[in-house]
Structures are given as structure tokens and as C-alpha cells.
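This report introduces a protein structure to a reader who has not met it before. Please view the sequence and the structure together before reading on.

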Amino acid sequence: MKKKIKIVLLGLLLLQAVVGLQGCRKTYSPGDWNLLPAKEPEQPQEPDDTATKSLKVMSLNMNVGTTVANFDAMLDLIKEYDPDLLFLRQVDSATTRAGKVDRPAAIGKALGMVSYFRKNIDYQTGGFGNAVLSKFPVKEKYSQLLSREEGSTAELRSMVMVKVEVEEGHALYFAGTELDPSVANNRALQVVDLLNATEKLMQPVILVGNLNEQESANGPVLSYLKGSFTFACLGTGCPWNAPKDKPTGVFDYITFKNTDDKLQLAKYGPFSKSANNFLPMTAEFKLKLPK
């Protein structure tokens with residue numbers, strides 16, 4: 001009995017102590033927004049005064065048909081956006097239907113860019129394939145034809161890539177591709193080619209182009225690439241870019257692979273003009289230039 005009385009008395013003493021402590025504190029009621037609970041001050045963050053370099057990227061389908069006039073219209077919109085790094089897919093070089101104009105070289109000359117063309121197939125008097133162009137000095141060039149299933153007669157696809165020096169001592173890789181639109185097994189092989197070609201690169205990589213796979217498909221291409229590359233839009237809804245009047249899907253992605261958080265995406269979305277049925281996809285980046 002005495003033990004129970006002691007426990008009760010101890011409980012009352014603790015309750016009085018708590019009440020006394022609370023009486024020394026301010027109370028807060030709903031709607032009393034001028035009174036805020038005290039909290040530990042946040043540690044001030046060190047200002048990041050690292051210099052950066054801005055750059056603009058564009059990825060577009062150059063299948064402008066047989067008319068030379070459409071090429072001129074496409075050239076005008078590229079000039080309007082004025083990219084620093086440009087990827088052209090389905091581009092003609094010196095074909096009859098292109099008036100025997102080397103289109104990547106012509107665009108490069110018009111915009112003051114270095115062009116690098118990879119022919120996927122011979123066509124007419126020239127070739128048909130992919131090209132990357134850069135306003136920055138090009139230090140290395142690399143391209144490869146992508147894999148297909150054994151015995152496949154699907155159109156050959158390629159990846160083309162350049163290493164560019166954005167500022168002295170600061171480089172990145174810019175690569176473009178278009179994967180097989182009809183054979184999923186070919187795409188699965190081709191995305192492995194892309195990963196093998198980029199996995200050991202030490203500088204940041206920007207990879208763009210038509211992966212011919214939508215996020216809703218839960219296919220291998222996006223799943224594999226997400227392990228190494230950043231898609232700014234996956235999970236939140238990627239901006240569609242084709243068909244241009246009423247877009248229903250993504251046919252140009254812009255992705256990047258970071259090293260030491262040097263590359264930051266600032267802006268992303270389709271360009272509003274096109275001379276064919278695909279709106280170009282664009283992005284703006286900032287590259288940190290640590291000393």
C-alpha cells in the first residue's frame with residue numbers, strides 16, 4: 001500500500017514540474033501566425049562562386065523531303081535558335097534529292113560550326129545518316145554503326161560523338177543517335193552499344209536523339225539509360241514533339257551524364273517551329289568551370 005502511495009506522489013510531482021515548465025513557454029494556437037516556434041538557426045551555405053559557361057543544345061529530324069526549299073526553311077529556324085551543339089538525324093549529304101548539297105557542312109558553314117557526319121547508308125549520289133555540329137573546338141571524333149539482330153535487314157543506325165572544349169581545360173562529349181523504330185530487340189542491342197561507348201568517359205556527356213521508345217512502354221532503352229544518364233523529364237511528363245500540330249509522343253530526348261556535378265540543366269523543351277512533322281527539342285545547360 002505504501003509503495004502505491006509513493007508511486008502516486010512521484011507521478012504528481014512530475015506532473016507539477018511539466019506544468020510549471022509549460023507555464024514558462026509561449027503557447028501557440030491556430031491562426032496565431034506571428035508567433036513561430038523557436039528553432040536552431042540553419043547553417044549558412046558557402047556561396048558558390050564557381051564560374052559557369054552556358055550552352056544551348058538542339059536535336060532535330062532533318063528529313064525535309066525532296067525539296068530544297070524545305071532545307072532553307074530548316075536552316076532558318078536553326079539560325080533562329082542558334083545552338084552551340086546541334087544534332088541532325090535523318091540528314092542527307094550530297095544526295096540527288098538534296099541538290100547534291102552536303103547539308104551538315106552547309107549548316108556548319110552558315111552557323112560557324114564544325115560538322116561531323118556519319119553515313120548510315122549509301123543513298124543516290126551521297127549518303128544518309130547522322131551528324132553532330134559544334135561551335136566549340138572539336139578535339140575528338142567518334143562514330144559507330146549500332147548492332148542489329150543476326151540476320152536482320154532493318155535499316156542501319158549509328159551513334160556519332162565529338163569531344164569539345166567548352167573553355168580551355170574544360171571539355172565535354174556531345175553524342176547523337178536514332179534507334180530502330182520497329183524492332184524492339186534491335187533497340188535493346190543498340191542501347192547497350194551506347195552505354196559501352198560512353199561508360200568510361202571521364203568528362204560530362206550529353207546524349208540526344210530519337211530513342212524510338214516512350215516512357216509508358218516500360219521498354220529496355222529508357223530503363224537501361226536511366227542507370228547512367230539523367231532524363232530531366234521522366235516521371236513528370238516529357239514534352240512531346242511530334243506530330244508538330246498535335247504532338248502525341250517524344251521523338252527527341254536530351255539526356256546528360258554528369259561528373260562531379262559539373263553540368264546543370266537550366267531549360268528544356270521543344271522549339272516551336274519546324275519544316276517537317278517533328279519539332280526540334282532544345283535544352284540549355286550550364287557547365288561549371290572550377291579552377
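The sections below describe the sheets, the helices packed on them, the aromatic and charged contacts, and the disulfide of this predicted model.

## The sheet from S3 to S11

One open sheet has six strands in the order S3-S4-S2-S1-S12-S11, and its pairing is mixed. Strand S3 (114–123) and strand S11 (263–270) form the edges; each has a single partner strand, so one side of each is left without a neighbour in the sheet. On average, neighbouring strands here are turned by 20° against each other, with direction ignored.

Within this sheet, strand S1 (residues 52–61) and strand S2 (residues 85–93) run parallel and are joined by five bridges. Met58 stands opposite Leu86, a residue of S2. Two helices accompany these strands. Helix H2 (residues 68–81) lies across S1, S2 and S12, and runs at about 160° to S1. Helix H3 (residues 103–111) packs on the sheet as well, touching S2, S3 and strand S4 (126–134), and its direction makes about 145° with that of S2.

## The sheet from S5 to S9

Another open sheet of six strands, also with mixed pairing, follows the order S5-S6-S7-S8-S10-S9. Its edge strands are strand S5 (138–145) and S9, each of which pairs on one side only.

Strand S8 (residues 205–210) and S10 run antiparallel, with five bridges between them. Gly209 is placed opposite Tyr253 of S10. Helix H4 (residues 184–198) packs on this sheet, where it touches S5, strand S6 (158–167), strand S7 (170–178), S8 and S10. The direction of H4 makes about 30° with that of S6.

## Aromatic pairs

How many aromatic pairs does the structure hold? There are four, and two of them are described here. Phe231 and Tyr253 form an edge-to-face pair, with 5.7 Å centre to centre and 80° between the planes. Phe231 lies in strand S9 (residues 230–231) and Tyr253 in strand S10 (residues 253–257), so the pair ties together parts that are 22 residues apart in sequence. Both Phe231 and Tyr253 are buried.

Phe256 and Phe285 also make an edge-to-face pair, at 5.4 Å centre to centre and with 80° between the planes. This pair links distant parts of the chain, since Phe256 belongs to strand S10 and Phe285 to strand S12 (residues 281–288), 29 residues apart. Are Phe256 and Phe285 buried or exposed? Both are buried.

## Charged groups over rings

Two contacts between a charged residue and a ring can be described. Lys56 lies over the face of Tyr81, at 4.3 Å from the ring centre. Arg89 takes a position over the face of Phe278, at 5.0 Å from the ring centre.

## The disulfide

A disulfide is a covalent bond between the sulfur atoms of two cysteines. A search of the whole structure finds one. The bond joins Cys233 to Cys238, with a sulfur-to-sulfur distance of 2.0 Å. The torsion about the S-S bond of Cys233 and Cys238 is about 80°, so the disulfide is right-handed.

Which of these cysteines counts as buried at 5% relative accessibility? That residue is Cys233. Cys238 is buried too, with a relative accessible area of 12%.

How values were computed. Residues numbered from 1 in each chain as written. Predicted model: local features only at pLDDT ≥ 70, side-chain atom pairs only at ≥ 80, totals over all residues. Heavy atoms only, no water. Phe/Tyr/Trp six-rings, centres within 6.5 Å; stacked < 30°, edge-to-face > 60°. Helix = DSSP H or I, 4+ residues; strand = E, 2+ residues; numbered from the N terminus. Buried < 20%, exposed > 50% of the residue type's maximum accessible area, 1.4 Å probe, protein only. Lys NZ or Arg CZ within 6 Å of the ring centre and 35° of its normal. Pairing = 2+ DSSP bridges. Contact = heavy atoms within 4.5 Å. Axes fitted to C-alpha atoms, helices over the stretch in contact; angles between N-to-C directions. Disulfide = S-S within 2.5 Å.
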